[in-house]
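Here are a few short exercises to work through with the model open beside you. Try each task before reading its solution.

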Amino acid sequence: MKRLIFLPILSALFLSFTVSAQKEHDTEEETMKKFVEFFTIHPNKKAAAADSSLYPSKIILAPIITFSPETSWGFGVGAKYLFKMRGSGDETRTSNMPLSAMYTLENQFILFSGFEIFTNREEWMIYGNFIYQDFPRLYYGIGRSTPTENEEHFNFNQVLFEPLLLKRIFTKHLFIGGGIRYNRVYNVKPKENGILDEQTFPGSNGATNIGLELAAVYDSRDNILNATKGWFMELTHGIYSKSLGGEHRFNLTRLDLKHYIKPFKNDDVLAFQFKAHISHGDVPFNELALFGSQEIMRGYYEGRFIERHLLAAQVEYRKQLIGRLGGVAFVGFGDVANRLQDFSIKNLRISAGLGLRFLLEKRERLNIRLDWGFGKNTNNYYLNIAEAF
C-alpha cells in the first residue's frame, strides 16, 4: 500500500531552535528533541502520568514538503497519531494513524490516511488506507513500449478506501484476514483528441470498483520506518464483481516482499524488495499496474509504462557516513506485460541511483531522504521522509 508521509521542516522555526540551543549550550540531541516536541501534542499526558499502564499517546503535527517527478514540489500539513489500546504493554507495537493534506505545484490535491492498529498483545490488526486526490498526470499509452512522443496530460479524481481486519495466527508475526477495497476514479478529463480520449478500453472514462480481499501480512522487522533486520510480506487477492456494486469483474493479486540484513559487523544495511501486481479479467484502466515511482524503479515517472501485470525487484545498500549523515546506493529491475508468459529477463528495465540521508529522529531511526534515480533515457530526483522501502 502506498504511503504518503510528512516532513517536519520549517526553516524559520528550526533556525530559532538552533540559535536558542547555542545560547543554552544544548547538545545536538537536545536541540532535535526540542524541535520535534514543538510539533507534538500529548492527549493523555495527565492520565498516563497517573497510570503507568497507559501508553503516552502522541499526535505529531508537521508541515509537508516533498518533491517527485509526478508532483513537482508539494506542500501541506500532516498529523500522525501514535497510541496503544488500554492494557497494552511492550509486547504490543504502537498503533499508527497518519493524516495528511497536500497541494502540489502541478495543481494536485491529495488527502491521505493510512492506519496500522493493534489490539492488546497483537491478537488482531486493523490495516489499510484511505486516499482522495485530484491528480493531473502524464499518460503515454498502454503497453511496455510506448514512445516518449506520446506524452500528454489528463486529469482525474480518485477515492480509494481499503480497510482490512487480520487475526494473528500460527506464529508471532503472521496475520491473516480480509476486507473490502473501494476504488472510484471519476471526472476523467483527457487531452482533447489525444490518445486517451480516442481509446475505448474498460474504465478509460473512469470506473467504480468494489472487491472482497483476502490478505496476509507477515512483519518481523525491528523497525517499521527504517529496518535493519527482518522480513515484511503483504499479500492481497481481491475478487471484484458487479454484484458488489462495481462496474467490472476481475481479480487482482498484489505482493510486496522485503528483507533486511546487516552483512557486516557495523551498522550497514542491505535491503531487498520484490513487488508484483497481477490482474485477470475485465480489468479497468484505474487498476492496471503503474511502472516507476519514488519507492521502486526510481528514475522512471510513475505510470511511464502501464499494463495488466508488473514484476519488479530492487536492492539497496545503506551506510552511515558521518554524524547524522548517511548514504545509499540502489539498483532495480522490472517490467510490465500484458500476459505473464511475456515476461523475459532480456526485456527487464534497469533503475539505479544514489541517495543521501539525514537522521531526523534517532529513536525511530527516521531519515529525511534525497534520491537521484536513473533509468533508460530518464532520471529524476526525490525528496521525502523515511526510506523508499
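## Exercise 1: Strand β5 and its neighbours

Glu-116 stands opposite Tyr-127 in β6. Keep in mind that this is a predicted model.

**Task.** Find which strands pair with β5 and in which sense they run.

**Solution.**
- Step 1: Begin with β6, residues 124-134, which is antiparallel to β5 and joined to it by 10 bridges. The Glu-116 and Tyr-127 pair is a good place to look.
- Step 2: Turn to β4, residues 95-104, which pairs with β5 through six bridges, also in the antiparallel sense. Here Ala-101 has Leu-111 of β5 as its bridge partner.
- Step 3: Now check how covered β5 is. Of the 10 residues in this strand (109-118), eight are buried, where buried means under 20% relative accessible area.

## Exercise 2: The two hairpins

**Task.** Which residue takes a positive phi in the hairpin of β4 and β5, and which one does so in the hairpin of β5 and β6?

**Solution.**
- Step 1: Four residues lie between β4 and β5, and in this hairpin Asn-107 has a positive phi near 60°.
- Step 2: Between β5 and β6 there are five residues, and in that hairpin the positive phi, near 60°, belongs to Arg-121.

## Exercise 3: Positive phi elsewhere

**Task.** Place Asn-187 and Met-297 in the chain, then decide for each: buried, partly exposed or exposed?

**Solution.**
- Step 1: Asn-187 belongs to strand β9, residues 174-189. Its phi is positive, near 55°, although the residue is not glycine.
- Step 2: Asn-187 has 41% relative accessibility, so it counts as partly exposed; that class lies between the 20% and 50% cut-offs.
- Step 3: Met-297 sits in the loop that links β14 (289-291) and β15 (305-307). This non-glycine residue has a positive phi of about 60°.
- Step 4: Met-297 has a relative accessibility of 2%, and therefore counts as buried.

## Exercise 4: A nonpolar patch

**Task.** Select the nonpolar surface patch that includes Leu-321 and Trp-372, and find which strand gives the most to it.

**Solution.**
- Step 1: Select Leu-321, Ile-322, Leu-325, Leu-356, Leu-370, Trp-372, Phe-374 and Tyr-381; together they have about 770 Å² of accessible area.
- Step 2: Look for strands with at least two residues in the patch: β16 (309-322) and β19 (366-375) each qualify. Leu-321, for instance, lies in β16.
- Step 3: The strand that gives the most is β19, with three residues.

Methods
Residues are numbered from 1 along each chain as its sequence is written. This is a predicted model: local features need pLDDT of at least 70, side-chain atom pairs count only at pLDDT 80 or more; totals for chains, interfaces and linings use all residues. Side-chain values use heavy atoms; hydrogens and water are left out. Patches are made of residues with over 30% relative accessible area and no salt bridge: like charges are joined within 9 Å, nonpolar side chains (Val, Leu, Ile, Met, Phe, Trp, Tyr) within 5 Å. Accessible areas come from the Shrake-Rupley method with a 1.4 Å probe; for residues, only the protein chains shown count as cover. A salt bridge is a side-chain nitrogen of Lys or Arg within 4 Å of a carboxyl oxygen of Asp or Glu. Buried means under 20% relative accessible area, exposed over 50%, partly exposed in between (1.4 Å probe, protein chains only). Two strands pair if DSSP finds at least two bridges between them.
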